[in-house]
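Student: I should like a close look at a single part of this structure, namely the packing of its interior and what surrounds it. Please give one connected account.

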There are 2 protein chains.
Amino acid sequence: MSELKGACIIGQSGGPSSVINASAYGVIRTALDNGSITQVLGAEHGIKGVLNDRLFDMGLEDPAELELLKYTPSSALGSCRYKIADPDVDDTDYKRILEVFKKHNVRYFFYNGGNDSMDTCNKISKYMMKVGYECRVMGVPKTIDNDLFGTDHCPGFSSAAKYIATSCMEVYQDARVYDTGMVVVMEIMGRHAGWLTAAAALASNAGAGPDLIYVPEVDFDMDKFIADVKRVYAERGNCMVAVSEGIHYADGSFVSEAKTSATDGFGHAQLGGLAAMLADIVKRETGAKVRGIELSLLQRCGAHLASRTDYEESFMAGQAAVENAVAGLTDKMVGFECTREGGKYVCKTKLFDLKDVANTEKKLPLEWINADHNGITQGFIDYCLPLIQGETEMKKVDSLPRFARLKKILAK
Amino acid sequence: MSELKGACIIGQSGGPSSVINASAYGVIRTALDNGSITQVLGAEHGIKGVLNDRLFDMGLEDPAELELLKYTPSSALGSCRYKIADPDVDDTDYKRILEVFKKHNVRYFFYNGGNDSMDTCNKISKYMMKVGYECRVMGVPKTIDNDLFGTDHCPGFSSAAKYIATSCMEVYQDARVYDTGMVVVMEIMGRHAGWLTAAAALASNAGAGPDLIYVPEVDFDMDKFIADVKRVYAERGNCMVAVSEGIHYADGSFVSEAKTSATDGFGHAQLGGLAAMLADIVKRETGAKVRGIELSLLQRCGAHLASRTDYEESFMAGQAAVENAVAGLTDKMVGFECTREGGKYVCKTKLFDLKDVANTEKKLPLEWINADHNGITQGFIDYCLPLIQGETEMKKVDSLPRFARLKKILAK
């Protein structure tokens with residue numbers, strides 16, 4: 001494969017994570033240091049920044065600030081949720097992207113995101129091949145949801161898992177302090193996959209976590225849930241529950257969106273989410289003191305509690321994307337292949353075809369959900385525990401985070 | 001003052017904090033090492049443990065486990081919210097306490113809590129003096145609310161403040177990642193005092209925090225709030241708001257409890273708290289994407305993010321309680337006297353009369369609230385920043401917290 005000289009673009013897309021910028025930094029740092037790449041451009045708000053020709057010259061940034069990206073949560077370049085059209089139906093966007101690529105002599109395109117982003121990558125890659133414009137395209141995965149096909153796990157998941165497990169352990173201590181019992185419902189992200197909610201089981205495994213865990217891979221049954229909580233509360237005097245935001249009834253309807261006639265005689269949807277709703281139902285059914293806690297955005301931006309394993313792997317994914325692209329590969333997503341034999345965890349990057357990854361969702365394996373559908377088995381603990389290891393090295397000033405401050409100078 | 005030999009009791013009361021156990025450890029460790037104290041008893045669930053003669057022999061605990069109390073959130077001995085009667089009206093409880101004190105030859109009583117706990121302390125102290133039973137009583141302060149009279153600040157506040165500031169900084173990064181704007185409402189504890197909510201201003205001071213802050217020391221005006229948010233959102237494209245759970249209208253009614261006819265035509269109180277309610281109102285008024293986040297229990301048990309200053313001072317308060325009691329002092333609360341001259345922070349313990357502390361609430365000074373009643377001034381930053389300094393030394397196993405595991409063996 002002959003050397004391909006030109007600029008590269010790095011863009012970020014979808015919901016952010018604690019370590020998505022570590023991946024971006026992996027791309028940026030490696031690309032800046034690579035002789036084949038003539039300019040490193042950061043797209044403002046993902047593919048929208050390409051369409052609008054809003055591209056920052058990353059070479060003009062202070063290297064020390066760039067390095068702080070490793071510990072800066074959320075997408076530093078800005079994100080988007082723009083769904084690109086099917087090029088066979090409407091190729092307007094693609095023509096514009098080609099125009100911008102040509103203007104800046106862009107020969108490398110790195111896109112940092114989840115399922116939809118890999119789809120965007122795949123479509124751009126195909127279009128460029130079709131029109132004969134040489135450009136190597138690499139997906140760099142990111143999703144706290146951990147639902148990307150092929151890869152052992154996704155950058156971002158591990159840090160969110162660590163945040164969830166730690167927070168559950170702390171709340172567990174707090175929620176059983178009085179001589180009267182309490183039922184706590186923790187609401188955790190995951191619309192379709194239960195990976196993040198399963199991470200609450202790491203807290204239980206450490207002796208201070210949920211008694212009951214409900215994930216969206218199996219149908220939710222309100223009567224069984226109430227019976228489960230009543231049983232645990234009667235036996236232990238307290239009960240801690242973790243639920244995925246995406247739990248749903250057998251008919252597929254989300255529990256969070258159900259018109260709960262029980263809670264409101266007029267059938268109004270309740271504000272405040274699933275945790276508050278379930279806590280209210282438990283309160284009426286058991287008379288127990290209750291507390292609904294929604295981890296909300298906190299779980300995906302809690303970089304102060306990031307996993308060192310996660311941010312090192314996230315950086316490694318970005319680095320591998322650049323190295324493989326320069327070596328001639330294209331139309332791939334960087335993923336991880338891991339072994340955990342004998343308790344020894346080894347993680348290596350591996351390339352996956354973008355067409356296989358795009359729009360495929362990987363769910364929590366059913367064998368990691370217990371027979372009662374209210375708990376998580378040891379298999380998941382063995383899978384997840386290595387991922388959360390190691391502490392962050394977040395830079396602080398006055399004991400508060402010092403996030404990266406980019407100049408964001410537009411490329412000429 | 002002659003030496004007083006006998007057992008001591010340490011009890012914990014009220015809502016827990018990240019460092020209340022650091023104070024308990026300060027008492028326990030110092031008392032175990034003191035020749036005048038013959039036995040160290042931990043009361044199960046505060047004063048209730050005394051009334052029920054449920055007293056743990058702390059000398060039988062593993063010293064290494066006891067030391068882990070420094071980084072274990074929540075009240076390790078168990079807490080209560082038992083309001084003791086006025087002894088002039090009903091002295092049943094006091095007679096029972098005296099009986100238990102005599103049984104174990106208790107000559108030192110240390111009570112670790114907030115306003116109500118200091119009142120309990122004060123009443124017990126007075127009763128023992130009245131009946132001529134020599135027992136030295138010391139209050140060891142604890143409250144994330146920071147509302148105790150006299151002392152510069154309260155153990156527990158600083159760590160909660162650090163959790164709030166850090167979380168606001170991280171959410172700030174997350175909430176402005178898209179090219180479309182968002183309004184985020186952070187709900188922070190504090191029913192009557194705005195200290196904790198003011199701590200969100202530390203995030204703003206560090207360049208990534210709320211644009212607007214509302215505390216309960218001043219009346220809340222919904223129309224002004226909506227106008228404030230609209231203005232900031234129009235100017236900056238995003239808006240982050242921090243509110244105390246205790247904000248109230250001019251007539252004293254809590255905003256959280258208001259029948260919001262605007263949100264529900266049938267006048268039902270909404271579930272899910274204040275953040276969700278305000279976010280919903282903002283959404284209807286501005287059309288912006290909104291998110292309500294309640295920090296809930298997380299802010300008071302987030303020991304992984306504790307302030308080192310806080311847990312060192314909390315330990316010091318427990319230690320000072322024992323040392324002063326053994327030296328002959330009684331009927332006091334240990335507090336802090338601090339200086340911040342020239343940016344140099346010095347904190348020393350100081351004793352306050354229990355009668356002055358009991359049931360008095362210290363509010364956020366009005367000069368630290370801006371003229372518009374929607375922000376916090378530099379005076380508070382200068383006061384609070386020294387308190388959050390230094391990182392926790394929490395022990396971890398497999399990168400998750402390793403909390404103290406006490407044997408809790410009842411004293412004979």
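Tutor: The account below begins with the nonpolar core, turns to a pair of helices, and then takes up the contact between chains and two loop residues.

The model is a predicted one. Its largest nonpolar core holds 276 residues, and the members that touch the most other members are A:Met186, A:Ala200 and B:Met186. As a general background, nonpolar side chains in soluble globular proteins tend to be buried together. Leaving aside residues up to four places away in sequence, B:Met186 is in contact with B:Cys168, B:Val171, B:Ala200, B:Pro210, B:Val241, B:Ala242, B:Ala275, B:Ile293 and B:Leu295.

The next topic is a helix pair in chain B. Helix H9 of chain B spans residues 222–236 and helix H10 of chain B spans residues 273–286; their axes come within 11 Å and cross at roughly 60°. At that angle, H9(B) and H10(B) are therefore oblique to each other. The crossing of the two helices, H9(B) and H10(B), is right-handed. On the H9(B) side the residues that meet the partner are B:Ile226, B:Val229, B:Lys230 and B:Tyr233, while H10(B) contributes B:Val282, B:Glu285 and B:Thr286. Sorted by class, this contact of H9(B) with H10(B) comprises four nonpolar, one polar and two charged residues.

Between the chains, 58 residues of chain A are in contact with 59 residues of chain B. On the side of chain A that touches chain B, at least two residues each are supplied by helix H6 (157–174), helix H10 (273–286), strand S9 (289–294), helix H11 (298–301) and strand S13 (400–401) of chain A. H6(A) gives the largest share of that side, nine residues. The class composition of the side of chain A that touches chain B is 27 nonpolar, 19 polar and 12 charged residues.

Two loop residues of chain B deserve attention for their backbone. B:His45 has a phi near 60°, a positive value in a residue other than glycine. B:His45 is placed in the loop between strand S2 (37–43) and helix H2 (47–51) of chain B. B:His45 counts as buried because it has 24 C-beta neighbours inside 10 Å. For B:Ser399, phi is near 65°, a positive value in a residue other than glycine. The loop that holds B:Ser399 runs between strand S12 (396–397) and strand S13 (400–401) of chain B. With 20 other C-beta atoms within 10 Å, B:Ser399 is therefore buried, the threshold being 20 or more.

Methods: Residues are numbered from 1 along each chain as its sequence is written. Chains are lettered from A and ligands numbered from 1 in the order in which they are written. This is a predicted model: local features need pLDDT of at least 70, side-chain atom pairs count only at pLDDT 80 or more; totals for chains, interfaces and linings use all residues. A nonpolar core is a set of buried Ala, Val, Leu, Ile, Met, Phe, Trp, Tyr and Cys residues joined through C-beta atoms within 7 Å. A residue is buried if 20 or more other C-beta atoms lie within 10 Å of its own, exposed if 12 or fewer, and partly exposed in between; C-beta atoms are placed from the backbone. Two residues are in contact if their C-beta atoms, placed from the backbone, lie within 7 Å. Axes are lines fitted to C-alpha atoms, for helices over the stretch in contact, and angles run from 0 to 180 degrees between N-to-C directions. Helices (H or I, at least four residues) and strands (E, at least two) are DSSP runs, numbered from the N terminus. Angles under 35 degrees count as roughly parallel, over 145 as roughly antiparallel, 65 to 115 as roughly perpendicular and the rest as oblique. A crossing is left-handed if the near helix is turned anticlockwise from the far one by less than a right angle, and right-handed if clockwise. Ala, Val, Leu, Ile, Met, Phe, Trp, Tyr, Cys and Pro count as nonpolar, Asp, Glu, Lys and Arg as charged, and the others, Gly among them, as polar.
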